[in-house]
Structures are given as structure tokens and as C-alpha cells.
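Thanks for making time this morning. I would like to walk you through one chain, going from its overall properties down to a single strand and its neighbours.

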Amino acid sequence: QVQLVESGGGLVQAGGSLRLSCVASRISLSISTMGWYRQAPGKQRELVAAISSGGIANYGNFVKGRFTISRGNAKNTVDLQMNSLKPEDTAVYYCNAQISTLGIYWGQGTQVTVSS
């Protein structure tokens with residue numbers, strides 16, 4: 001019913017930047033929240049950032065001002081600008097969308113690797 005397609009992952013040196021993008025197949029105001037989570041090997045999936053349809057953003061505890069989440073006007077896209085990347089940011093990053101009446105959807109994930 002809903003597909004989330006992520007892009008922008010890759011390999012970057014410590015201190016570098018990446019921009020992740022996610023597009024939901026459905027353009028609708030029913031998408032209340034979109035965001036990014038990450039999962040490193042051996043760890044639980046954790047919140048990176050999420051943004052509501054009204055533009056209110058929440059960030060994970062380890063972002064510390066380095067990342068910025070934004071959402072398109074159509075409310076079916078979300079981007080994550082990641083600056084000053086650290087090796088500990090290495091993880092698979094998953095797009096997430098919370099859709100009224102449909103539930104929560106996840107993308108397949110995009111790998112982010114930060115070398116030291």
C-alpha cells in the first residue's frame with residue numbers, strides 16, 4: 001500500500017557530510033510523521049530524527065546539532081542532512097512514516113559508513 005524509497009547513503013570520511021532522502025509512494029496529508037532511524041550492528045534501532053506534518057522536529061540524543069531533518073511541501077518526502085559525521089554514525093538508516101489509519105511503514109534501509 002505504501003512504499004518508502006531511501007537514497008543518499010554511502011561511504012564518507014569522518015567530518016564529512018551526507019544527505020539522505022526518502023520518498024513515500026503516497027502523497028497525502030494522512031502521513032502525520034516521517035523520520036529516520038538507524039541500526040548499527042549488534043544494536044537496537046534508534047531514533048535519529050523525526051518531523052511532523054506541521055514541521056516540528058525531534059532529534060535523537062546523539063545528534064547534538066549535527067543533523068537537520070526537513071520535509072517537502074507535499075509531505076511525502078523527508079530529507080536528513082548529516083554533517084560532521086563520526087565513525088559511530090555508521091549504521092543502516094531507515095526511513096519511517098506514520099500514516100493515519102494505515103499504521104507505521106519502514107523503508108528497506110540505506111547504508112551509511114563513516115571511516116576514521
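**Charges, overall form and strand 3**

Let me begin with the charges: the chain carries 10 positive and 5 negative side chains, and the centres of these two sets lie 5 Å apart. Please keep in mind throughout that what you see is a predicted model.

As for the secondary structure, the chain has 11 strands and 0 helices, so that reading along the sequence gives the pattern β-β-β-β-β-β-β-β-β-β-β.

Turning to the overall dimensions, the C-alpha atoms fill a box of roughly 45 × 25 × 20 Å along the principal axes. The radius of gyration is 13 Å, which agrees with the value near 13 Å that a compact globule would have with 116 residues. Of those 116 residues, 39% are buried, and the accessible surface comes to about 6100 Å², with 49% of it belonging to carbon and sulfur atoms. Among contacts with a separation of 6 or more, 54% are accounted for by residues 24 or more positions apart.

Now to strand 3, which spans residues 18–24. What are its two faces made of? Leu 18, Leu 20, Cys 22 and Ala 24 form the covered face, whereas Arg 19, Ser 21 and Val 23 form the uncovered one.

Strand 3 pairs with strand 1, residues 4–7, in an antiparallel arrangement joined by 4 bridges, and here Ala 24, from the covered face, is the bridge partner of Leu 4. Strand 3 also pairs with strand 8, residues 77–82, again in the antiparallel sense, over 6 bridges; in this pairing Ser 21, from the uncovered face, stands opposite Asp 79.

Methods. Residues numbered from 1 in each chain as written. Predicted model: local features only at pLDDT ≥ 70, side-chain atom pairs only at ≥ 80, totals over all residues. Heavy atoms only, no water. Buried < 20%, exposed > 50% of the residue type's maximum accessible area, 1.4 Å probe, protein only. Pairing = 2+ DSSP bridges. Rg over C-alpha atoms; globule rule 2.2 N^0.38 Å. Contact = heavy atoms within 4.5 Å. Areas by Shrake-Rupley, 256 points an atom, 1.4 Å probe, with all protein chains shown as cover. Lys, Arg positive; Asp, Glu negative; His and termini not counted. Charge placed at Lys NZ, Arg CZ, Asp CG, Glu CD.
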